[in-house]
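Good morning, everyone, and thank you for making time for this short presentation. Please have a look at the sequence and the structure first, and then I will take you through them slowly.

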Amino acid sequence: MLRRTLPRLASVKDRVADAAKQAVKGDEHFPALKGHPAAREHARESAENQAGLAAVEEEKERGGRASTVKEFQIYRWNPDSPGRPFLQSYFVDLGTCGPMLCLCTRTYVQFSFNFRLDGYGQVLDVLQKIKSDHDSTLAFRRSCREGICGSCSMTIDGVNTVACLKPVDTDTSAATMITPLPHMYVVKDLVVDMSNFYQQYKSVEPWLKTKRPAAEGREHAQSPAERKKLDGLYECILCACCSTACPSYWWNSEDFLGPAALLHAYRWVSDSRDEYGKERIQALSEGWDKLYRCRMIKSCTATCPKSLDPAAAIASLKTMHQLRKA
Ligand code: SF4
Ligand code: SF4
Ligand code: FES
């Protein structure tokens, strides 16, 4: 195995502890994570977990009773079986699962930081392990396993996030609880009905709308400065973590569009090539609930696994609407 064939240049524990400190310190040590506090937090957690793994292994080698088995309590409900939902416990040896990283990423991490990445992965690794080795009836969504598709969103220890980016908490003395996104209709286990969410996204017409044809019949041009205005907006993966963390959305999900759809509405209003900004804002403000149900509680921004700021986008839309009225 990679782990055994590569020489250890220093104590794994020390190296990963250094990496964890670097992740906390910030952008100069993890330049790729610049401006992404959620990703930096995940990097820090991952590095700390690797340190935990090294510590447990060292204790085991010394004959101690350290264990890598952790309890996961997972929400179960099957529409075909009568009965109420319940939490089912699974006991998983963390040292035997994940992470689901490609070989080049593992090798990069191994050589760059001199620590291995063959245990203690993300929560999605644990779910895959449970489904393949413990209980194949467990239902959850996933596809890309790298925070791009948005399909593995769920609530992990009370926080909405995507399971493929969330590092496993390696404290084996406490169980990790995994439940579906809150205030959504459950289809089965961790799978929720996203129909209303997608319908609301569709309602903001998330595509380029122009009145004039593109110059010379080609694409609509945009300067680098105009393109930069879309940073922090286009990265949304439609995971619905923000909308389902929003108290206003919980109680008004039929009428209030929610932070995800509104962030996309703002993305198209901000696009220099789009020529329907006025009509878009007009449509959002028809019926007070669509936009103005937002109370600026900012749970959406706090939970976004991509470090986006839907609350700020909504505030900008409101400002634009008020300025147009004035
Ligand atoms: S804004 Fe963030 S939390 Fe909301 S849908 Fe997009 S990526 Fe997910
Ligand atoms: S800022 Fe608005 S959209 Fe975001 S959680 Fe609060 S009420 Fe919901
Ligand atoms: S599997 Fe695609 S975001 Fe998690």
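**A loop serine, two ligands and some helices**

Leaving aside residues up to four places away in sequence, Ser-253 touches Asn-196 and Gly-258, where contact means that the C-beta atoms of two residues, placed from the backbone, lie within 7 Å. Before I go on, I should say that this is a predicted model, in which local features need pLDDT of at least 70, side-chain atom pairs count only at pLDDT 80 or more, and totals for chains, interfaces and linings use all residues. Residues are numbered from 1 along each chain as its sequence is written, while chains are lettered from A and ligands numbered from 1 in the order in which they are written.

Ser-253 sits in the loop between α8 and α9; helices (H or I, at least four residues) and strands (E, at least two) are DSSP runs, numbered from the N terminus. Is Ser-253 buried or exposed? It counts as partly exposed, because it has 19 C-beta neighbours inside 10 Å; a residue is buried if 20 or more other C-beta atoms lie within 10 Å of its own, exposed if 12 or fewer, and partly exposed in between, with C-beta atoms placed from the backbone. Ser-253 and Met-184 are 69 residues apart in sequence, yet their C-alpha atoms are 9.4 Å apart in space.

For the chain as a whole, there are 13 helices and seven strands, and 36% of the 326 residues count as buried. Among contacts between residues at least 6 apart in sequence, 69% join residues at least 24 apart.

Now to the ligands, where a residue is near a molecule if its C-beta atom, placed from the backbone, lies within 6 Å of it. Ligand 1 is surrounded by 14 residues, and the closest are Cys-236, Cys-239, Cys-242, Ala-260 and Cys-304. Helix α9, residues 258-269, gives the most to this shell, with three residues. The shell around ligand 1 has 13 nonpolar residues, no polar ones and one charged, where Ala, Val, Leu, Ile, Met, Phe, Trp, Tyr, Cys and Pro count as nonpolar, Asp, Glu, Lys and Arg as charged, and the others, Gly among them, as polar.

Around ligand 2 there are 14 residues, of which Cys-246, Cys-294, Ile-297, Cys-300 and Ala-311 come nearest. Two or more residues of that shell come from each of α8 (247-252), α12 (299-303) and α13 (310-325), and α13 gives the most, with three. By class, the shell around ligand 2 has 10 nonpolar, two polar and two charged residues.

How, then, do α9 and α13 pack? Their axes are 8 Å apart, at an angle of about 60°, where axes are lines fitted to C-alpha atoms, for helices over the stretch in contact, and angles run from 0 to 180 degrees between N-to-C directions. The two helices are therefore oblique to each other, since angles under 35 degrees count as roughly parallel, over 145 as roughly antiparallel, 65 to 115 as roughly perpendicular and the rest as oblique. Among the residues making this contact are Ala-260 and Leu-263 of α9 and Ala-311 and Ile-314 of α13. The contact of α9 with α13 has 13 nonpolar residues, one polar and no charged.

Finally, α13 also meets helix α10 (residues 277-285), with axes that come within 10 Å and cross at roughly 100°, and these two are therefore roughly perpendicular to each other. Ile-281, Leu-284 and Ser-285 of α10 make that contact with Leu-317, Met-320, His-321 and Arg-324 of α13.
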